[in-house]
Amino acid sequence: MLILGIESSCDETGAAIIEGTSKSERVKLLSNALATSLSLHSETGGIIPENAAREQVKYIIPVIKKALSEANIRPSEIDAVAVTYGPGLIGSLLVGVETAKALSFTWNKPLIPTNHLYGHIYANFIQDSNLESIEFPAIGLIVSGGHTDLVLIKKHKELKWLGGTRDDAAGEAMDKIGRLLDLPYPGGPHIEKLAQKGNHERFKFPSPLIGSPDYDFSFSGLKTAVFREVQKLEKIDDQTKADICASVQQAILDVIVKKTIKAVKENNAKSILLGGGVAANSKLREEINKDISSNKLNTKLFAPSKILCTDNGAMIAAAAFYNDQNISWEQVDANPGLYFD
Ligand code: KG4
Ligand code: ZN
């Protein structure tokens, strides 16, 4: 089965072709085209939704054309079109959804509306160098600029939300703190890089809800704590900046890792599936693996390659392959507030 996946929920415009043969195996990536308006958002220090959507209108057809030509596939060979219909920014989502509907109609192909959050999890089901098989039940940890969620996946199509952030997402907190520290947008990767040279014990920032019995998170207080600390400091030299980054990263990872491990234990999960931009963070992967060993857990950590952690069309096509549903294009609408069903 050949699926064209289209993603345009936030600032990226992605289109990719995947080939799926069996649901017990990973899908093969034939092409993965991406256009980003990141440099535009760097200038404004964040995403201005209307600007993002205007850029996506320009990129969407060239990106789809590129995905087809790189995979050397003609539209007639495609079996289905998959598209992110939510959650995300309404203007951005509309660009992808309406384009996908038009293609589904003119090519006479089924349209598979796909939840962006499922996409982040299913990025793990794209073939890469990790050949170990993903076993269920699995715990999915989605950590991105818009979401921090823990989910239990009993099997394909059977996904249960365990908990998530009550306010800012982990990546959003990093981006806002990055702005306080005059780091380029998005702050997450810069915080990770500077943290490598920093002392994570110098500042004691809060890890809210770390001891709560649920799977909830809260990161807005962390941003306020950093703001107060920055105001107190007369001058922020390079080492202090690195120490703040290391302390912030540690505060965020401590709570994320603790709750992920708790979810694994409570559900006897055999796999952990990371997804979302923050999953590109090497320290996150390192800390989860450390806790898997120290707790002697019979679980394996899976994380997509860095390019598949951030938004892309391939993960949408992959999620559609395993969670396919038969819906006519007339019934598909962008749903910015979509969450887990
Ligand atoms: O998944 P994504 O591309 O977009 C959303 O759906 O939100 O995630 C973007 C987020 C940004 O907040 C960015 O700062 C964060 O992922 N991010 C990272 C790293 N790379 C990207 N955060 C921490 N460490 C990284 N290496
Ligand atoms: Zn995303």
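## A walk through the chain and its ligand

P186 lies in the loop that joins helix 5 to helix 6, and this proline makes a good place to start. The model you are looking at is a predicted one. The peptide bond that leads from Y185 into P186 is cis, with omega near -5 degrees. Stay in this loop for a moment, for D182 is found between helix 5 and helix 6 as well. Phi of D182 is near 60 degrees, which is a positive value in a residue other than glycine.

Now look for another cis bond, this time between F136 and P137, where omega is near 0 degrees. Here the proline belongs to the loop between helix 4 and strand 6, the strand that covers residues 138-143.

With these two loops in view, step back to take in the chain as a whole. It contains 11 helices and 10 strands. Its radius of gyration is 20 Å, close to the 20 Å that the globule rule gives for 341 residues, so the chain is as compact as a globular protein of that length. If you turn the model along its principal axes, the C-alpha trace spans about 60 × 45 × 30 Å.

Where does ligand 1 sit? You will find ligand 1 in the largest pocket. The helices that flank our two loops come back into the story here: helix 4 (116-122), helix 5 (170-180) and helix 6 (187-195) each supply at least two residues of the shell around ligand 1.

Which residues come nearest to the ligand? Of the 20 residues around ligand 1, they are G145, D175, G188, E192 and G277. By character, the shell divides into 6 nonpolar, 11 polar and 3 charged residues.

Zoom in further and you can follow some individual contacts made by the backbone. G188 places a backbone N or O atom 3.0 Å from an oxygen atom of ligand 1. For G277, too, a backbone N or O atom lies 3.0 Å from an oxygen atom of the ligand. In G146, the distance from a backbone N or O atom to an oxygen atom of ligand 1 is 3.2 Å. How much of the ligand does the protein cover? On its own, ligand 1 has 550 Å² of accessible area, and the protein covers 89% of that.

Terms used
Residues are numbered from 1 along each chain as its sequence is written. Chains are lettered from A and ligands numbered from 1 in the order in which they are written. This is a predicted model: local features need pLDDT of at least 70, side-chain atom pairs count only at pLDDT 80 or more; totals for chains, interfaces and linings use all residues. Side-chain values use heavy atoms; hydrogens and water are left out. A residue is near a molecule or strand if one of its heavy atoms lies within 4 Å of it. A polar contact is a pair of N or O atoms within 3.5 Å; within protein, one must be able to donate a hydrogen and the other to accept it, and residues adjacent in sequence count only if both atoms are side-chain atoms. Accessible areas come from the Shrake-Rupley method with a 1.4 Å probe; for residues, only the protein chains shown count as cover. On a 1 Å grid over the protein atoms alone, a cavity is a set of points where a 1.4 Å probe fits but cannot get out, and a pocket is an open set with protein on both sides within 12 Å along at least five of seven lines; lining residues have an atom within 4 Å of a point. A molecule sits in a cavity or pocket if more than half of its atoms lie within 2 Å of its grid points. Helices (H or I, at least four residues) and strands (E, at least two) are DSSP runs, numbered from the N terminus. Ala, Val, Leu, Ile, Met, Phe, Trp, Tyr, Cys and Pro count as nonpolar, Asp, Glu, Lys and Arg as charged, and the others, Gly among them, as polar. The radius of gyration is taken over C-alpha atoms; the globule rule is 2.2 Å times the number of residues to the power 0.38.
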